[in-house]
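Visitor: I should like to learn how to read a protein model step by step. May we go through it together?

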Amino acid sequence: MFARWSVGVGLVCSLACYPLALQGQDKSLQQRIADDFIALAGGVHPGYRIAHAKGIVLTGTFAPSRGATSLSRAPHLVTRSTLVIARYSNGSGVPDVADNSPHAVPRGDYTDIVANSHNGFVVGTGEDFAAFLDAVLATKPDSKHPSPIEAFLGTHPAALKFVTDPARVPVSFATEGYYGNDAFIFVNAQNVKQPGRYRLVPVRGPEYLDSAAAAKVSANYLFDELTRRLAKQPVKVRVLVQLPNPGDPTSDASVVWPDDRKLVELGVVTLTTVAPDNAEVSRKLQFNPIFLSDGIQLSDDPLPPLRSAVYALSVANRRSPSPAAPATAQQRNTAQQQNVEPTWLSFDPAAKTVRFQLIAGLTGLNGALNFNGFRDGQLTLVVPVGWQTEIDFRNHDGVLPHSAEVIAPQAPPPALPGDPAIPRAFTLKLLQGLPSEATDDMRFAAQPAGDYLIACGVPGHGAAGMWIRLRVSGTAKTPELLPTLAVGSR
């Protein structure tokens, strides 16, 4: 059992204005947000996250507090000590941003906690967040008043507060407080459900620099200071959950719950070590706000599933030599010329049975978020209607977990998996995914006739391009694999 978190200091994006035209609005919401993050960072920085690029990974342990199980039955609350992997980061997508720069400071089985240093998120919906980023990008130095960002902030008071609240420069990553903002549902052993929001507070309380001291710090001071601090003593952080009063909204992360709301302490994290090979560990590490253990569930807050999809695009971006962007016409034509390995497919016409080897992360395409080296529906498995179908799944990705499910056609797939479109057409651990080189199989009757998708069920992976097509055909005589032109929002 691992408890992980990612904490960030600073705005999720800066309000620097770039002379870029708005992209077309036909792309998916998560792709719009990912592309805007890349643009705000001044382009692609290979090997880095599209936001919170500059970070440091620490390891330590979590010890639960007495009484924490009254709120949740989560395994890490009934275990004496649980391993923690934590990543502190700045908000910008620029890897070498200075730690005291306004561009760095945001207002902004695993259990992942994602938190930033501003109490209250910029907006409450993914659509508004994409519109916020679009407005930033559309604002140019010579924009007439009201500029696009001024117009947006004029109609979104929470966003205005988010960007105008005085920025405080912490003494250390270890002396900053962090807010989860998104609401989750905590479930105890008696199945009593209680919404709440995470809050991470230094054991000694927050500490900040005055303006004179903040102006004198070095560009890398937060990371240098944290390394020096850990050499002397561990970093200790209280993990709290703020509980709402009746009427406090759980579906809008931009609405701050008042400070008089009850706080329940779940435990204390003790961070002791900077992870070796930090850059490589950071590149491979994937935080996902909807990787939740038993005893913690999603609420009606729409942002965690969307964050999950954007984070998956970020993973693909930093693991690929090129950004996880929509396929161009040339790329689509190239996909048509890709070789389809004949050993992937075997069938028996007399018995009307077909067997297909579905290999997750076969190549580095799309940051390994692919099936058999194809992404975004660029491969189609055709099966005659009524045939018995066995799909042998293997996760070849050496880093990320993956799964697979047959779903109704929608491009891109949703961030969260739903019920399979064909009974028994899904792998084990659909949400969690199977580890590297693990296998499973789906066995089902290919019916009714129609078009379907085979998508990874790990949150965000399908939406990031990890899907191919399944066609149950009423006219096909035998099964076949066909390279397919990508269509739709990507």
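The questions and answers below concern strands, helices, aromatic rings and the backbone.

Guide: This is a predicted model, in which local features need pLDDT of at least 70 and side-chain atom pairs count only at pLDDT 80 or more, while totals for chains, interfaces and linings use all residues. Residues are numbered from 1 along each chain as its sequence is written, and side-chain values use heavy atoms, with hydrogens and water left out.

Visitor: At what angle do helix 3 and helix 4 pack?
Guide: Helices (H or I, at least four residues) and strands (E, at least two) are DSSP runs, numbered from the N terminus. Axes are lines fitted to C-alpha atoms, for helices over the stretch in contact, and angles run from 0 to 180 degrees between N-to-C directions. Helix 3 covers residues 148-155 and helix 4 residues 157-164; their axes are 5 Å apart, and the angle is about 115°.

Visitor: Which residues of helix 4 are met by helix 3?
Guide: Contact means heavy atoms within 4.5 Å. From helix 3, the residues taking part are Phe 152, Leu 153 and Thr 155, and in helix 4 they meet Pro 157, Ala 159, Leu 160 and Val 163.

Visitor: How many residues of this contact between helix 3 and helix 4 are nonpolar?
Guide: Ala, Val, Leu, Ile, Met, Phe, Trp, Tyr, Cys and Pro count as nonpolar, Asp, Glu, Lys and Arg as charged, and the others, Gly among them, as polar. The contact of helix 3 with helix 4 has no charged residue and 1 polar residue, and its nonpolar residues number 6.

Visitor: Which residue of strand 8 is the bridge partner of Gly 60?
Guide: Two strands pair if DSSP finds at least two bridges between them. Strand 2 (residues 55-64) and strand 8 (residues 263-274) run antiparallel and are joined by 7 bridges. The partner of Gly 60 in strand 8 is Leu 271.

Visitor: Which residue of strand 8 is the bridge partner of Val 241?
Guide: Strand 7 (residues 235-242) runs antiparallel to strand 8, and 8 bridges join them. Within strand 8, Val 241 has as its bridge partner Val 264.

Visitor: Which strands stand at the edges of the open sheet with the order 14-16-17-12-18?
Guide: This open sheet has 5 strands and mixed pairing. An edge strand has a single partner strand, so one side is left without a neighbour in the sheet. The edges are strand 14 (405-407) and strand 18 (480-483).

Visitor: In strand 17, what is the bridge partner of Tyr 452?
Guide: Strand 16 (residues 450-455) pairs with strand 17 (residues 467-473) in the antiparallel sense, over 6 bridges. For Tyr 452, the partner in strand 17 is Leu 470.

Visitor: Is the ring pair of Phe 173 and Phe 223 stacked or edge-to-face?
Guide: Rings of Phe, Tyr and Trp (its six-membered ring) pair if their centres lie within 6.5 Å; planes under 30 degrees apart count as stacked, over 60 as edge-to-face and the rest as tilted. By this rule there are 11 aromatic pairs. The centres of Phe 173 and Phe 223 are 5.1 Å apart and their planes stand at 75°, so the pair is edge-to-face.

Visitor: How many residues apart in sequence are the parts that Phe 173 and Phe 223 tie together?
Guide: Buried means under 20% relative accessible area, exposed over 50%, partly exposed in between (1.4 Å probe, protein chains only). Phe 173 is buried at 0%, and Phe 223 is buried at 8%. Phe 173 lies in the loop between helix 4 and strand 5 (178-187), whereas Phe 223 lies in helix 6 (residues 221-232), so the parts are apart by 50 residues.

Visitor: Over the face of which residue does Arg 197 lie?
Guide: A charge sits over a ring if NZ of Lys or CZ of Arg is within 6 Å of the ring centre and within 35 degrees of the ring normal. Arg 197 is at 4.0 Å from the ring centre of Trp 257.

Visitor: What is omega for the cis peptide bond that joins His 145 and Pro 146?
Guide: Pro 146 lies in the loop between helix 2 (126-138) and helix 3. The bond from His 145 to Pro 146 is cis, and omega is about -5°.

Visitor: Near what value is phi of Lys 429?
Guide: Lys 429 is in the loop between strand 14 and strand 15, and it is partly exposed, with a relative accessible area of 48%. Phi is positive here in a residue other than glycine, with a value near 50°.
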